[in-house]
Structure formats: structure tokens, C-alpha cells
Amino acid sequence: SDAQRTTQHTNMFWAGYYNTIRLGNKWSIASDAQLRTTDWTNKWSQLLVRSGLAYSFNKNFSVTGGFAFFKNAKYADKELLLKNEWRPWQELFYQLPLHKIYLVQRLRTEQLFLHQVVNNKNINSYQYIFRLRYKFEWQFPLHENNIRLLIGNEIMVNPGYINTKLFFDQNRTSAGVNFKLNSVTNLQCQYIKIFQWHSN
């Protein structure tokens, strides 16, 4: 029988650095590094580095393939345990300009290799999960396009578990603002509401 479901709430802080290196008119390397905490900044959550090679068909449509490495924090009796996660990924990106408003869409596939833990110890075994992510975001340019308001949503599912409770992974609803500091630098602040399913 199913165990009784419980809901847990937590506040997280995410800090990230994003970088794009142009390799001519069509090719580029997109990378990011992020630090994430939970219980505001009292506990570690994740550390990640991610990079991918992108090809742009035009200014609105591109494809990317890359690789990411995560260090995921798990707390057992207040003891910190770090788990590795290896994640190849592929992405389709499409930006639809509607007058001055942009609809940005992203379809991403990920192959997650998750370090397994038994009795609060890492073991030499990994769980494989194929994940599908779809994100859309409305962007509203303000002040000569130097400021953009952002409103979006992203849903993540695990197609390999389509007939089980593990099919739904999480949903992220976001709102924020992007400041264009100069021709090559942006600063972005966002609020993200995440609903995530965890099995027992």
C-alpha cells in the first residue's frame, strides 16, 4: 500500500555564472557554473558545471549537445554526504519574436547517472534516468531593450517511468528581470517556485 504523502517546504539560494564563447557565425560553446544551497544558505544543495557545443541555424533557432557534472548534497543525521551525478544532455532552442515581445522555448533531453547511496554510504553503482524537459519563457523588453521582464515555466518528466509515480519529476515556475549592463554582460535576478516529487 502507498505510504502517506507528506509535503516539505524549503527556501533555496542559487548563484550562477553563464558564459558563451563564439566560434564564428554558427558555432559557440555555452557553459555555466552554479552553486545552490537549501534552508537559505545554511546547507549545501548542489554544485555543478555544465558545457555544450551549440550550432545556430539562424538568430532564433539552435541545437546544443553537452555534458554536466553535479555534486549533490545529502544530509544523514546532520552529516554531509556528497553524491556524484553525470549528465549528458541535448537541446533544441527556438526564439519567436512577436513585435517587441519574445517567446523563448527550450526542449532538452538529459541522461542522468545518479550515484547510489546505501546505509548513508556511497556505493559503486549508478541509477540511470532519461529525463525530458520543456521550458517556455515570455520576455518583455523595457527601456530600449536594456531591461527585460521574464515569466516562464518548465516541466520535467521521466519517460522511462511513464506508468509509475516517478514519471513526473518537477515543475518550475519563474519570474525575474534581466539587466543588460553592456554589449557582452547581463545580470539576471529570478524567483523560482519548484514543485518536485521525491519517492520514499
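For the charges here, Lys and Arg count as positive, and Asp and Glu count as negative. With that settled, let's look at the chain. One caution: this is a predicted model.

Start with charge. The protein chain carries 24 positive and 12 negative side chains. The centres of those two sets lie 4 Å apart.

Now the fold. How many helices and strands are there in the protein chain? Zero helices, and 10 strands. Read along the sequence, the pattern is β-β-β-β-β-β-β-β-β-β.

Next, dimensions. Along its principal axes, the C-alpha trace spans about 55 × 30 × 30 Å. The chain has 200 residues, and 30% of them count as buried. About 13700 Å² is exposed. Carbon and sulfur atoms supply 57% of that area.

What about contacts? Take those with a separation of 6 or more. Residues 24 or more positions apart account for 41% of them.

Now zoom in on one residue, Glu85. Where does Glu85 lie? In strand β5, which covers residues 79–98. Is Glu85 buried or exposed? Buried: its relative accessibility is 3%, and the cut-off for buried is under 20%.

Who surrounds Glu85? Set aside its neighbours within four places in sequence. Glu85 is then in contact with Ala68, Phe69, Phe70 and Asn72. Leu112, Phe113 and Leu114 also contact Glu85.

There is a polar contact too. The side chain of Glu85 makes it with the side chain of Arg87, at 2.5 Å. By our charge rule, Glu counts as negative and Arg as positive.

To recap: 10 strands, zero helices, and a buried Glu85 in strand β5.

Key
Residues numbered from 1 in each chain as written. Predicted model: local features only at pLDDT ≥ 70, side-chain atom pairs only at ≥ 80, totals over all residues. Heavy atoms only, no water. Helix = DSSP H or I, 4+ residues; strand = E, 2+ residues; numbered from the N terminus. Buried < 20%, exposed > 50% of the residue type's maximum accessible area, 1.4 Å probe, protein only. Polar contact = N/O pair within 3.5 Å; in protein donor to acceptor, adjacent residues only side chain to side chain. Contact = heavy atoms within 4.5 Å. Areas by Shrake-Rupley, 256 points an atom, 1.4 Å probe, with all protein chains shown as cover. Charge placed at Lys NZ, Arg CZ, Asp CG, Glu CD.
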